[in-house]
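These are some notes on the model, set out as numbered points so that each can be checked against the coordinates.

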Amino acid sequence: MGSSSPMETIFVGLDRTFPGHVSGNHEGLFVVISQAELKPPALEALSNSARALGFSAPATFSSQDQASPLTLVTLGTQMGPEELILTLESLDPLAIVTCDHASAKTLADAYRTQIKIEAPQKLLGRPLCCFEDFDSMISSNEGKQNAWKLLKSIARN
């Protein structure tokens, strides 16, 4: 990794602390949280949405060889509320998206607050949107429209 970002040191530290759980853009502006790895269509939809919303700092995304504005946090079975809050507060994102019910619950537990599913909201002043199942939601045109409507609520001003 080069020294293109002042956040890179933090990102590398998180990767060492939680190997395999944090990937993507080193800037951490648009953080996506998922219990499991997202399918390529979901990653593409979220990446395109982040760009359209003004989160466009380039970096290599995970194992894919493409620039993406996303920082992806995959919880799996080893990252709980304490690890998630440490990760998010280290990255200090401008916006947060959870892609499934389990990641929304972990986020709620981490911050000891209630999280609404599929409703615009803020978390400590950060725009937040939580999905019940983003992968499934975007499998229909109506679902894509509903997802985009919610994602637009976190646009950078």
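1. The model is a predicted one, and the nonpolar interior is a convenient place to begin. The largest nonpolar core has 24 residues, of which F30, V32, L46, V97, F131, F134 and L151 touch the most other members. At least two residues of this core come from each of β2 (30-34), α2 (40-52), β3 (70-74), β4 (95-98), α5 (134-137) and α6 (141-152), and the most are given by α2, which contributes 4 residues.

2. V97 illustrates how this core is connected. Once neighbours within four places in sequence are set aside, V97 is in contact with F30, V31, V32, I33, L46, C129, F131, L151 and I154. Another core, of 22 residues, lies apart from the one just described, and F11, L91, A108 and L123 are among its members.

3. The sheet is open and consists of 6 strands in the order β1-β3-β2-β4-β6-β5, with mixed pairing. Because β1 (22-24) and β5 stand at the edges and each has a single partner strand, one side of each is left without a neighbour in the sheet. From one strand to the next, the twist averages 30°.

4. Helices lie against this sheet. α2 lies across β2, β3 and β4, and runs at about 140° to β3. α3 also packs on the sheet, where it touches β1, β2, β3, β4 and β6, and its direction makes about 165° with that of β2.

5. Strand β6 (residues 126-130) deserves its own point: 5 of its 5 residues are buried, so the strand is largely enclosed by the rest of the structure. In a regular strand, side chains alternate between the two faces of the sheet. In β6, R126, L128 and C130 point one way while P127 and C129 point the other way, and all of them are buried.

6. The pairing of β6 differs in sense on its two partners: with β4 the pairing is parallel, over 3 bridges, whereas β5 (residues 121-123) is joined to β6 by 3 bridges and runs antiparallel to it. On the β4 side, V97 has C129 as its bridge partner in β6. On the β5 side, K122 stands opposite P127, and Q121 has L128 as its bridge partner. β5 and β6 form a hairpin with 2 residues between them, and L124 in the turn has a positive phi of about 50°.

7. Two threonines of strand β3 may be read together, namely T71 and T74. T71 is buried, with a relative accessible area of 0%, and, not counting residues up to four places away in sequence, it touches F11, V22, S23, N25, G28, L29, F30, V31, V32 and L91. T71 and V32 are 39 residues apart in sequence, yet their C-alpha atoms are 6.2 Å apart in space. T74 has a relative accessible area of 13%, and is therefore also buried under the 20% cut-off; with the same exclusion of sequence neighbours, T74 touches H21, S34, Q35, A36 and E37.

8. How do the axes of α3 and α4 lie relative to each other? The axes of α3 (residues 81-91) and α4 (residues 101-111) come within 8 Å and cross at roughly 80°, so the two helices are roughly perpendicular to each other. P81, L84, I85, L88 and E89 of α3 make the contact with T106, L107, D109, A110 and Y111 of α4, and the residues involved divide into 7 nonpolar, 1 polar and 2 charged.

Note on methods
Residues numbered from 1 in each chain as written. Predicted model: local features only at pLDDT ≥ 70, side-chain atom pairs only at ≥ 80, totals over all residues. Heavy atoms only, no water. Core = buried A, V, L, I, M, F, W, Y, C linked by side-chain atoms within 4.5 Å. Buried < 20%, exposed > 50% of the residue type's maximum accessible area, 1.4 Å probe, protein only. Contact = heavy atoms within 4.5 Å. Pairing = 2+ DSSP bridges. Axes fitted to C-alpha atoms, helices over the stretch in contact; angles between N-to-C directions. Parallel < 35°, antiparallel > 145°, perpendicular 65-115°, else oblique. Nonpolar A, V, L, I, M, F, W, Y, C, P; charged D, E, K, R; others polar.
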